[in-house]
Amino acid sequence: MLTACGGESGDEPAATDAPSAVHAPNPLISPLAPLSSSPVSAQQQTHYANSGETLLLKEPEANPRTMQGFSNLGSTCYANATLKFLVHSIGTKPLVQHLNALAATGDAAQREAAQNFVQLIENSYSETAPSRQELENFFASLQKLPAFSSLNDAGMLNFPLVGRQQDANEFLMKLSQAFELRTLYTGGLVLQNDANAFKTSEEYANILQPASASDTLQEILDRTQPSAWQFKLRGKTRYLTVRMENAVNGALVSNRNFNFNQTVQLQVATADGKRMTTLTLEPREVVEFRGSDNAGHYLAYVKDGKWFQHDDEQVTALDQMPSIDNVRLINFIITKIESRY
């Protein structure tokens, strides 16, 4: 039976007073390179006079080392999974550059949290996993930021980061607010209001909802209106981040028919409908939730050449991505753009 994130009392290794591990210099960041708007080669870009064009986009470079596991400090699986999703989907280089800029210009609390976040990212790609002390320092500095420090009427934290299981989607939104991540999302495909997609004002992810448990990812995308997507062919749009809303008529539906080992296609259009574009999307990062709100567990999956499952400290290479019942977050990269008039 699944236990609450972090396990039963006594299952989680106790923190020790041992000094933090010394991390070997890491190659960091030979990071995930941003996808280029340039075609891979002249042969891979085909122009059709007055009719459209096809672009094959460069693959992101795989990191030379897979991200290390994170210790569970007490119901922090939601944070561990979301952090893996976030770092891998944005890419280490742009995220570290952004955080260093915040560290140089922010207030004392933001500076401390940004510096601790940078250290956590760098150590995630070193030969030795981040220590419990490093994770504790990061969460402690994060808790001081306005997005995480609000109190309820009883004077208790509304969103304690350690010791209580939280929602991964909410944590991602709060991270976005705390570190101004919206400014990094200029390459993200954005869905405008669409009755079929349940778009809200959330600033980091587009919300999609299955109609039934038999839905595939392709069927869900097909129900969105092409003109509802904000897309510029010559812009920087290179990825799509999705939050799944899996409650249909009040009942939770399974996502078991989602196949993360194959690409899907999305139809987008200009506002005037004169240009239609087909985007080929490849899943690269996924967050899964297992169990119930009171006894559940979060895992992350990232694709670096092959899929890796991140389950707190445990990182496992997979032959292929497994079926998942409850998907919370998905990030796709755009690998092909086909435009026609």
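**Exercise 1.** Describe how the axes of helix α1 and helix α6 (residues 168-178) are placed relative to each other, and which residues make the contact.

*Solution.* In this predicted model, the axes of α1 and α6 come within 9 Å of each other and cross at roughly 55°. Since angles under 35 degrees count as roughly parallel, over 145 as roughly antiparallel, 65 to 115 as roughly perpendicular and the rest as oblique, α1 and α6 are therefore oblique to each other. The crossing of the two helices is right-handed. On the α1 side, the contact (heavy atoms within 4.5 Å) is made by Tyr 78, Ala 79, Thr 82, Leu 83, Phe 85 and Leu 86, and on the α6 side by Ala 168, Phe 171, Leu 172 and Leu 175. These residues divide into nine nonpolar, one polar and no charged.

Residues are numbered from 1 along each chain. Local features need pLDDT of at least 70 and side-chain atom pairs 80 or more, while totals for chains, interfaces and linings use all residues, and side-chain values use heavy atoms, without hydrogens and water.

**Exercise 2.** Work out whether the length of α1 (residues 77-90) agrees with its expected span, and whether α1 is enclosed or open.

*Solution.* At 1.5 Å a residue, the 14 residues of α1 should span 20 Å, and the end C-alpha atoms are 20 Å apart, which agrees. Of the 14 residues, 14 are buried (under 20% relative accessible area, with a 1.4 Å probe and protein chains only), so α1 is largely enclosed by the rest of the structure. Just after α1, Gly 91 takes a positive phi of about 100°.

Key: Helices (H or I, at least four residues) and strands (E, at least two) are DSSP runs, numbered from the N terminus. The expected span of a helix is 1.5 Å times one less than its number of residues. Buried means under 20% relative accessible area, exposed over 50%, partly exposed in between (1.4 Å probe, protein chains only). Axes are lines fitted to C-alpha atoms, for helices over the stretch in contact, and angles run from 0 to 180 degrees between N-to-C directions. A crossing is left-handed if the near helix is turned anticlockwise from the far one by less than a right angle, and right-handed if clockwise. Ala, Val, Leu, Ile, Met, Phe, Trp, Tyr, Cys and Pro count as nonpolar, Asp, Glu, Lys and Arg as charged, and the others, Gly among them, as polar.
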